[in-house]
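Me: Please take a close look at the pockets of this model, and say what lines them. I would like a single connected account.

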Amino acid sequence: MQVSEVMSSGVLSAAPGDSVRSVVIHMLSRHCGAIPVIEPDARIVGIVSVRDIMLPMYPKLGEYIHDNVGTRDFLAMEEGYDRVLTMRVDQVMTRNPLVLSPDTPVLEAASWMGVKNFRRMPVARDGKLVGMVSIGDINRGLFFARIGG
């Protein structure tokens, strides 16, 4: 079984200059945890996940080492969320993400997800976005292939 058999096509994407706020709205409305970031020609340049959006609120290791009391003010960190929402996608996205081909075997894709601790990955042909695949898509595809559903 190949990724093309289980992936979602026509996926929601973002542009590097989009606001994080708009991406969060799309994520919440579509119940998805990551959105590929593409250029106008559909070339994948990044991916933005819920984790990417949350990370700017957390203290950096150096900040924690120099102020391990102030960096534990989690209520103050929450105030930083408004600032994150005003950022651009290219300020928080993961650049040059690992991308699968539609011809990738699903268990190879699942293996990459396990090794890298990803729940979903973009799928591209010739560098251009054609879909997304999640570990749930792979599980569902394998299950239904085995029970004849």
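Reply: What follows describes two pockets in turn and then a pair of aromatic rings.

The model is a predicted one, and its largest pocket has a volume of about 390 Å³. Of the 16 residues that line the largest pocket, Ile47, Ser49, Asn117, Phe118 and Arg120 are the closest to its centre, while the elements that contribute two or more residues to this lining are strand S2 (44-49), helix H2 (50-54) and strand S4 (120-125). Sorted by class, the lining of the largest pocket divides into 8 nonpolar, 4 polar and 4 charged residues.

The second largest pocket has a volume of about 300 Å³, and among the 17 residues that line it, Ser8, Val11, Cys32, Ala34 and Met132 lie nearest its centre. Here the elements that give two or more residues to the lining are strand S1 (34-38) and strand S5 (128-134), and the lining of the second largest pocket comprises 8 nonpolar, 6 polar and 3 charged residues.

Turning from the pockets to the aromatic rings, the count comes to 1 aromatic pair. The ring centres of Phe143 and Phe144 lie 5.4 Å apart with their planes at 75 degrees, so the pair is edge-to-face, because planes over 60 degrees apart count as such. Phe143 is partly exposed, at 45% relative accessibility, and Phe144 is likewise partly exposed, with a relative accessible area of 41%.

How values were computed:
Residues are numbered from 1 along each chain as its sequence is written. This is a predicted model: local features need pLDDT of at least 70, side-chain atom pairs count only at pLDDT 80 or more; totals for chains, interfaces and linings use all residues. Side-chain values use heavy atoms; hydrogens and water are left out. Rings of Phe, Tyr and Trp (its six-membered ring) pair if their centres lie within 6.5 Å; planes under 30 degrees apart count as stacked, over 60 as edge-to-face and the rest as tilted. Buried means under 20% relative accessible area, exposed over 50%, partly exposed in between (1.4 Å probe, protein chains only). On a 1 Å grid over the protein atoms alone, a cavity is a set of points where a 1.4 Å probe fits but cannot get out, and a pocket is an open set with protein on both sides within 12 Å along at least five of seven lines; lining residues have an atom within 4 Å of a point. Grid points are joined across faces, edges and corners, and a volume is the space filled by probe spheres set on the points. Helices (H or I, at least four residues) and strands (E, at least two) are DSSP runs, numbered from the N terminus. Ala, Val, Leu, Ile, Met, Phe, Trp, Tyr, Cys and Pro count as nonpolar, Asp, Glu, Lys and Arg as charged, and the others, Gly among them, as polar.
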